[in-house]
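With the structure open in your viewer, please follow this short tour, making each selection in turn and pausing to look at what it shows.

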Amino acid sequence: MRDLKHLIYFENLLQEANNELVQKAKADGKRAIGYTCYFMPEVLLDLPGCFSVRLRAPRCTSPDIATYYLSGRVCHYARSLLERALEGGYNFLDAQMGTETCTATCRFQEHLQQKHLDSVDDMRIIDNDDFFCEFTDIPFKNTENSYQHYETQLRAHVLEPLHEHFGIDISDKAILKAVKQHNEVCKLINEIGDYRKLDNPTITGYEFHVIQLVSLACPKELILPYLRETAKEMKTRKPDDKKNFRCKVVLAGSENDDPDFTKLIESCGALVVCDRFCYGAVESRVPITLEEGKSPLRCIAEHYLKTSNCPRFMPQDEMRARKQRLANLAKEYHADGVIIASNKFCEYWSYERVIDTFILKRDFGLPVCSIEKEYINSASGQLRTRFQAFVESVEIKHIQEGN
Amino acid sequence: MKCKFCKFLLKFCGIFVALNVGLFLIFFYDLDGKLLFNVVEPFLKNHYDNMERKDVLKSPYEMDKFPKYKYDM
Amino acid sequence: MANIKKALRDFWYGKPHTAEEGGRRLGELYEDKTGLLKHREWRGVKDTMYYMYMIWGYNYLHMVTDIIKYSNNPLDFIKGTWRYRWMGQTYLPVIHWFERGLQGMRGEALAASAWHYRAMVSASLHQMCNFFNADTRLHGGKENNAYKHTIYANETTCGTLFYPWMDAGYQYIPIEMIPYFVTCHVNSHTVLNYIDAVQSLGLPGDPCPMCQAESGLFVLDDVPDSAPIIVTCNEACDASVSTHTLQDWFANKPLFALPLPMQFDDPLVKKYCMNEIEELWKFIEEQTGVPFNWESMKKRLELQNQLQRDEWEKWEVDAKTPYYPINGVAQALFRIYSTQYGIQGDFWHEASEKVKKIMYKCVEKKINTFPKTRHRVIAWSCAPLYFSNWCTWAYNCWGLNVVINMDSLMFDMEIRTDSYENMLEDMATYHMWAPMRRMAVGGMHHIFELWEYMERFNCDMVAMYDQLQCKGMQGVHGLFEDEFRKRNIKAFWMPHALPDCRTVSRAEIRRQINDYMTTVMHEEPLDPSLLDFDDSMTW
């Protein structure tokens, strides 16, 4: 396939959090608002006057000082973020919108917080006088009580602080504008992503992963022109005559902002056609639907709870439905199997991976490759062997079924 | 009669003392602990290790067996 | 002559504590590896007899009478012991658990601490009997009346929530409290089977081992089938939430998830939490067909408040005087057991009354209950379950007197009973104040309340538990190091893996404390025989 015009540019944007477009937006006087989790609605951080940056710590392989603070037994992602913060890599942030949706990232964000307590010193990690960190309490269910709570929290801990600190317009009109922009991003990403459903897809999982990540890590307004152009380019992109993959897989699991991981899988012959992991597009690029009679904020609250497939959801029906949804994704994207990847020390996905591995295989007949990975995958040799073996097993299954 | 009572009393005291001495020896030398650790627990462990257990991985996992427990407050 | 005099004195009063006084050398009482005793300590005539009759004999006897009292059919108890590993391996060595926690104790400290143990055993037997009275597996698959009147809940869900149905004959069983939690204290061998079982499914070794064991019970099919419904909650961490995915699969029963807000300091979360609690009550009403009963709730909450007030009374003495007669392990476990199980019998109040009586005697007669105290220690974070008696060892060996534990400080409040609304509001706070929630996860503010508690309890040293697999506590490791240095606080870290004695052995924990006491504090042990001994195979 012909190279995508902006792929190298996108790859460069992902080399650091404070990338070219972030710097440009800052230079234009916009406020950079960091976040880590899907449950912090990025659309609210993209209100006029500010922009969202989903935090990453690319190329962080040795988080030594962060390991002193968080210990070596906490997820590498959280440690890498703290290390990058301690290095000054997030000094461009004007605020961090925290969530206690997993313990590790919560602790990372608490280190950024100015605690105003006698009990512990503020570390002032983010060297920016305007910086503040605010936590939002995120519910665990899809119920009316949860929607109300979430809405209240988002108003009190996201909108109002943005208004108070930076004078951001938090009116319904402003929110609607942000939703419109957000939905355009979703539409474009889905348009690009849908090419993965083709028999011979015209986009690789790696390319899509890069595109999805730039949409999370760059100001929407500035990345949109590139996305529009890429979506247009995709319409005429021709696949290679011969399929250069041996099977198609859904990649599911915990936090993953490392496109090289997707590349690793694809180099073993498995094309990643669907990305159902934190930072993936399955949930985050579902357009927000506004309903009559409900405020935009209420619609946003409902949207983020209803679209999430996070293993953090506790109700019995939700726990079970997640497996069904994953199986449905495999069907929708014509995948031959599922790779479930949990980050080391991620408790949610350690368990979810176990149960998915059994249930998807037993009840849905889907081959599953279950692996544990690091944030930056230095142990790629081992993983390569695992993926190669998985691809072979899927091929053998096909042959047997053919027989 | 008196003598019979004395005999009974003596016997009772004898049993009482013997019982207490016996108890004391068990207590003091941790004979209960030793018995449990060296005999009873290995026996029970062996029993539990060899017990037939249900293969829970065969448990059904129906997607719609249970309703949504949602209540509007 | 002097030797005879000393021998007589030792016989009558027991050997003195320290090496300087020609003391007792408790470490030499252990058999190599097993931790069994070559012989029990001679504590002097009075204390030895008290120990033998009022603790050892009394509790053995009550382990039988309690079963008769609580069991619908004592035969079920025997069947349960035969069926469940955690039962057989835990019930029998209970008295050795007393021994480990009470070693070296004398006089009032021995008596009062033992009453706490007694209450815990009685409550545990109550739970065991409740399990077996209702277990369909022991009754030919029949769902009897007891089964229909039992509510299962994850062990970290507070029992208080189920009081409204108790007048109607319902009981609540914290599913894993006996099979996992109590088991770890009494016999640390058992839980390893459950941890290995869940890891055999492919679960990595790093999630919280408590949660691993909780799921492992289900994997090994070692959970009685004693209730038609299950309530789970997100207490205390990510792994707790995830544990329920496996439990739900294997139990396959109606399950209600009770989430609690993480940012509990935020006043805005209270309403949400209250609604969640009410939703739980609706679920129970729906499943049982029995309405919420305010009187049943109120009655038990008042008893619970009484217990809380008792504890405050005791803490007052503990904080301000040397006359508090409960040792570190007996204090912490009593609090955890009583709050987790709630008011389902009179065992807690009975013990509390007896302890208060002993305590006031100590105050009146100015009896220094831990006379060899060199440091008043606060134990912070979550404790090693397989070595909860480390406090007893630390006092005997080094004079480290653990006067208060973080675990004891959980649920540190009364619940108002003057109106439903006030009760519900307090109930929300109460539930959010569970220990691992209030301190170890859920916002880092409260974990640093350590300094306030140090001052309140007049402590000069911190025993910092380092649960290697607790992500919440690992995530504040460096901040604590910084603060300890800045504040010049004497603190030692105690690495452990909650129930799993294979990760960090008891000997390793002792070695870490020994190293700190010799290299940092430059102190000599009170009883050098306790410095190093091999109890790797002990219960």
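Begin by selecting chains B and C of this predicted model and colouring the residues at their contact, to which chain C contributes 29 residues and chain B contributes 25 residues. Staying on the side of chain C that touches chain B, highlight helix 2 (45–70), helix 4 (85–91), helix 5 (94–102), helix 10 (209–219), helix 11 (238–251) and helix 12 (269–288) of chain C, each of which supplies at least two residues to that side. Which helix of chain C gives the most to this side? Select helix 12 of chain C, which gives the most, with 5 residues. If you then colour the side of chain C that touches chain B by residue class, you will find 15 nonpolar, 8 polar and 6 charged residues.

Next, hide these and turn to chain A, where an open sheet of 4 strands can be selected, its strands following the order 2-1-3-4 with parallel pairing. At its edges are strand 2 (50–54) and strand 4 (132–136) of chain A, each pairing on one side only, and the twist from one strand to the next averages 25°. Within this sheet, select strand 1 (residues 31–35) and strand 3 (residues 95–99) of chain A, which pair in the parallel sense over 2 bridges, and show A:Gly34, which stands opposite A:Gln96 in strand 3 of chain A.

Finally, add helix 7 (residues 144–166) of chain A to the selection: this helix lies across strand 1, strand 2, strand 3 and strand 4 of chain A, and runs at about 160° to strand 4 of chain A.

Methods. Residues are numbered from 1 along each chain as its sequence is written. Chains are lettered from A and ligands numbered from 1 in the order in which they are written. This is a predicted model: local features need pLDDT of at least 70, side-chain atom pairs count only at pLDDT 80 or more; totals for chains, interfaces and linings use all residues. Two residues are in contact if their C-beta atoms, placed from the backbone, lie within 7 Å. Ala, Val, Leu, Ile, Met, Phe, Trp, Tyr, Cys and Pro count as nonpolar, Asp, Glu, Lys and Arg as charged, and the others, Gly among them, as polar. Two strands pair if DSSP finds at least two bridges between them. Axes are lines fitted to C-alpha atoms, for helices over the stretch in contact, and angles run from 0 to 180 degrees between N-to-C directions.
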